[in-house]
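Visitor: I'd like a quick tour of this one, contacts and all. Could you take me through it?

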Amino acid sequence: MNFIEELSELRQEIDDIDNEIVNLLIKRLNIVQKVGKLKQQHKHSSAKSFIKRGREADMMRHLISQLSEHYPKEAIFKIWRSIIASSLHVEQGLKIEILENPADFYKSAYWLGREYFGSFSPVNINHSFENVIDNLASKIGSVGILPFPDANN
């Protein structure tokens, strides 16, 4: 077998694996949709927040323990954060509420929201803390990103 044939064969193997990954992602999203419907049907205290930080942290630790010999930890985190964020988007439809001021916070909060919840999630910039809270309470937004209170004030 010559170089071109061998390379073509290896690329076909990669394409086959990519197709398997796509099929598994579709299967995962179908289950995520079922989870979302189940949570809507049974609105009890354990389903109030659709973001389960403890579960996500456990998932990340497990994935990193399995993959860190093969992939950089940062890549594992980024790949799975994208999968989790897109799953949350399918399950709930994310809209991020961010407080506009102070200027430094806005810049970091905006990019934090993008990094954590995906660049595909809509962002609403609010002019006051109250607007963020009101939008969350009225279900206009699903996630709020606010600065820590200033300890000096």
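Guide: Sure, and one term first: a salt bridge here is a side-chain nitrogen of Lys or Arg within 4 Å of a carboxyl oxygen of Asp or Glu. Keep in mind that this is a predicted model.

Visitor: With that in hand, how far apart are the closest N and O atoms of Glu-91 and Lys-39?
Guide: Side chains of opposite charge can pair when their charged atoms come close. Glu-91 and Lys-39 do form a salt bridge. Their closest N and O atoms are separated by 3.0 Å.

Visitor: Which helices does that pair link?
Guide: Glu-91 and Lys-39 are 52 residues apart, so we're talking about distant parts of the chain. Glu-91 belongs to helix α3, residues 73-92. Lys-39, at the other end of the link, is in helix α1.

Visitor: Are Glu-91 and Lys-39 buried or exposed?
Guide: The cut-off to use is under 20% relative accessible area for buried and over 50% for exposed. Both Glu-91 and Lys-39 come out as buried.

Visitor: What separates the C-alpha atoms of Gln-40 and Gln-92?
Guide: Gln-40 is another residue of helix α1, and with a relative accessible area of 44% it is partly exposed. Along the chain, Gln-40 and Gln-92 are 52 residues apart. In space, their C-alpha atoms are separated by 9.6 Å.

Visitor: How many salt bridges does the structure hold?
Guide: One of them is the Glu-91 and Lys-39 pair. Arg-81 also forms one with Glu-56, where the closest N and O atoms are 2.7 Å apart. The count for the structure is 4.

Visitor: And where are Arg-81 and Glu-56?
Guide: Both Arg-81 and Glu-56 are buried. They are 25 residues apart and link distant parts of the chain. Arg-81 is in helix α3, and Glu-56 is in helix α2, residues 53-67.

Visitor: Which ring does the charged end of Arg-81 sit over?
Guide: Arg-81 has its salt bridge with Glu-56, and its charged end also sits over an aromatic ring. The distance to the ring centre is 3.6 Å. The ring belongs to Tyr-116.

Visitor: Asp-58 and Arg-61 are separated by about what, in helical terms?
Guide: Their side chains meet in a salt bridge, at 2.6 Å from N to O. Asp-58 is partly exposed at 46% relative accessible area, while Arg-61 counts as exposed at 53%. The two are 3 residues apart in helix α2, so the separation is about one helical turn.

Visitor: Let's do rings. How many aromatic pairs does a search of the whole structure find?
Guide: A pair of aromatic rings is described by the distance of the centres and the angle of the planes. The search of the whole structure turns up 2.

Visitor: What kind of pair do the rings of Tyr-110 and Trp-111 make?
Guide: Their centres are 4.9 Å apart and their planes stand at 90°. Planes over 60 degrees apart count as edge-to-face. So the Tyr-110 and Trp-111 pair is edge-to-face.

Visitor: And at what angle are the planes of Tyr-116 and Phe-117?
Guide: This pair has ring centres 4.9 Å apart and is also classed as edge-to-face. Tyr-116 is partly exposed at 24% relative accessibility, whereas Phe-117 is buried at 7%. The angle between the planes is 80°.

Visitor: Which residues make the nonpolar surface patch of about 250 Å²?
Guide: One member, Leu-25, is in helix α1, residues 3-41. Leu-25 is partly exposed, with 35% relative accessible area. The full patch is made by Ile-17, Ile-21 and Leu-25.

Visitor: Any backbone oddities? What is phi of Lys-139 near?
Guide: Lys-139 is in the loop between α5 (129-137) and β3 (143-145), and at 70% relative accessible area it is exposed. Its phi is positive, in a residue other than glycine. The value is near 70°.

Visitor: Zooming out, in what order do the elements of the chain run?
Guide: The secondary structure comes to 5 helices and 3 strands. From the N terminus on, the order is α-α-α-β-α-β-α-β.

Visitor: Last one: what share of the 153 residues is buried?
Guide: The chain's accessible surface comes to about 11200 Å², with 57% of that belonging to carbon and sulfur atoms. As for the residues, the buried share is 25%.

Methods: Residues are numbered from 1 along each chain as its sequence is written. Side-chain values use heavy atoms; hydrogens and water are left out. Patches are made of residues with over 30% relative accessible area and no salt bridge: like charges are joined within 9 Å, nonpolar side chains (Val, Leu, Ile, Met, Phe, Trp, Tyr) within 5 Å. Accessible areas come from the Shrake-Rupley method with a 1.4 Å probe; for residues, only the protein chains shown count as cover. Helices (H or I, at least four residues) and strands (E, at least two) are DSSP runs, numbered from the N terminus. Buried means under 20% relative accessible area, exposed over 50%, partly exposed in between (1.4 Å probe, protein chains only). Rings of Phe, Tyr and Trp (its six-membered ring) pair if their centres lie within 6.5 Å; planes under 30 degrees apart count as stacked, over 60 as edge-to-face and the rest as tilted. A charge sits over a ring if NZ of Lys or CZ of Arg is within 6 Å of the ring centre and within 35 degrees of the ring normal.
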